[in-house]
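I opened my notebook to look through this fold one element at a time. Here is the model I worked from, followed by my entries.

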Amino acid sequence: MSQTPFQPDQPDPNAPVSPEENLAAEAANEADALTQMTQEISTLKAQNADLADQFLRAKAEAENARRRAEEEIAKARKFAVESFADSLLAVADSLEAGLAIADANRDQLREGTEATLKQLKSALERHKVLEINPATAAKFDPHQHQAISMVPAEQEANTVVTVLQKGYLIADRVLRPALVTVAAPK
């Protein structure tokens, strides 16, 4: 077997290591570790800055969405009655036209009043304002009726005897309860 001659440029792996060489190797390892940690810190700082930027953008976007929603709600409140008022203008026009006829007879006034009432009821229904007009002998409903008095009647107790004033609902919510008299218990 032939042996490779010793080359002075390469350290002998079997040669003993001096304390200075040990310190130099440790310093080199620490320098590599420090360089690696510095790179990791730089990467983490960049990620942190990116996340902070994303957070600020998301926060601004949420604030803008909230502000737009508040503006839309304010507009909806402001103009909610616009359509309703517009449909009542035809009723007002009809009333004014009826009053403008100076020599109208009783039949003409009645016909004009009925037509105007029909217009008004149509406008109310278009805007989901519905009558509460319980039939005679209908069960008294405290959510939709207001009892004015209890009267003796030949019908079941706690049922409607007469309707004194119609009530109204708006979108399933009582705007005004119907005023009724109720049959008293026998």
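Which exposed residues does the face of H2 turned away from its buried side carry? I looked them up first, bearing in mind that this is a predicted model. That face of H2 carries Asp107, Arg110, Glu111, Lys118, Glu125 and Arg126 as its exposed residues.

**Entry: the other side of H2.** I then turned to the buried residues of this helix and found Thr116, Ala123 and Leu124. Seen down the axis of H2, the buried residues fall within an arc of 95°, so they line one face of the helix. Among the elements that cover them I noted H1 and strand S1 (129-132).

**Entry: helix lengths.** H2 takes in residues 106-126, and I checked its span: 21 residues at 1.5 Å a residue should cover 30 Å, and the end C-alpha atoms are indeed 30 Å apart. I did the same for H1, residues 19-100. Its 82 residues reach 120 Å from the first C-alpha to the last, close to the expected 122 Å. I also marked a bend of about 35° in H1 at lysine 78.

**Entry: the sheet with S1.** S1, which helps cover the buried residues of H2, belongs to an open sheet of three strands in the order S1-S4-S5, with antiparallel pairing. S1 and strand S5 (173-176) are the edges; each has a single partner strand, so one side of each is left without a neighbour in the sheet. The twist from one strand to the next averages 35°. I found four bridges joining S1 to strand S4 (residues 167-170), and leucine 130 has leucine 169 in S4 as its bridge partner.

**Entry: the sheet with S2.** Another open sheet of three strands runs in the order S2-S6-S3, and its pairing is mixed. Here the edge strands are S2 (145-151) and S3 (160-165), each pairing on one side only. I noted an average twist of 30° from one strand to the next. S2 and strand S6 (residues 178-183) run parallel and are joined by six bridges. Serine 149 stands opposite threonine 181 in S6.

**Entry: histidine 145.** Is this residue of strand S2 buried or exposed? Its relative accessibility is 7%, so histidine 145 counts as buried. I listed its contacts, leaving aside neighbours within four places in sequence: Ile132, Pro134, Lys139, Phe140, Val160, Pro177, Ala178 and Val180.

Key: Residues numbered from 1 in each chain as written. Predicted model: local features only at pLDDT ≥ 70, side-chain atom pairs only at ≥ 80, totals over all residues. Heavy atoms only, no water. Pairing = 2+ DSSP bridges. Helix = DSSP H or I, 4+ residues; strand = E, 2+ residues; numbered from the N terminus. Axes fitted to C-alpha atoms, helices over the stretch in contact; angles between N-to-C directions. Expected span 1.5 Å × (residues − 1). Bend = angle between axes of the 7 residues up to and from the residue. Buried < 20%, exposed > 50% of the residue type's maximum accessible area, 1.4 Å probe, protein only. Arc of directions from axis to C-beta. Contact = heavy atoms within 4.5 Å.
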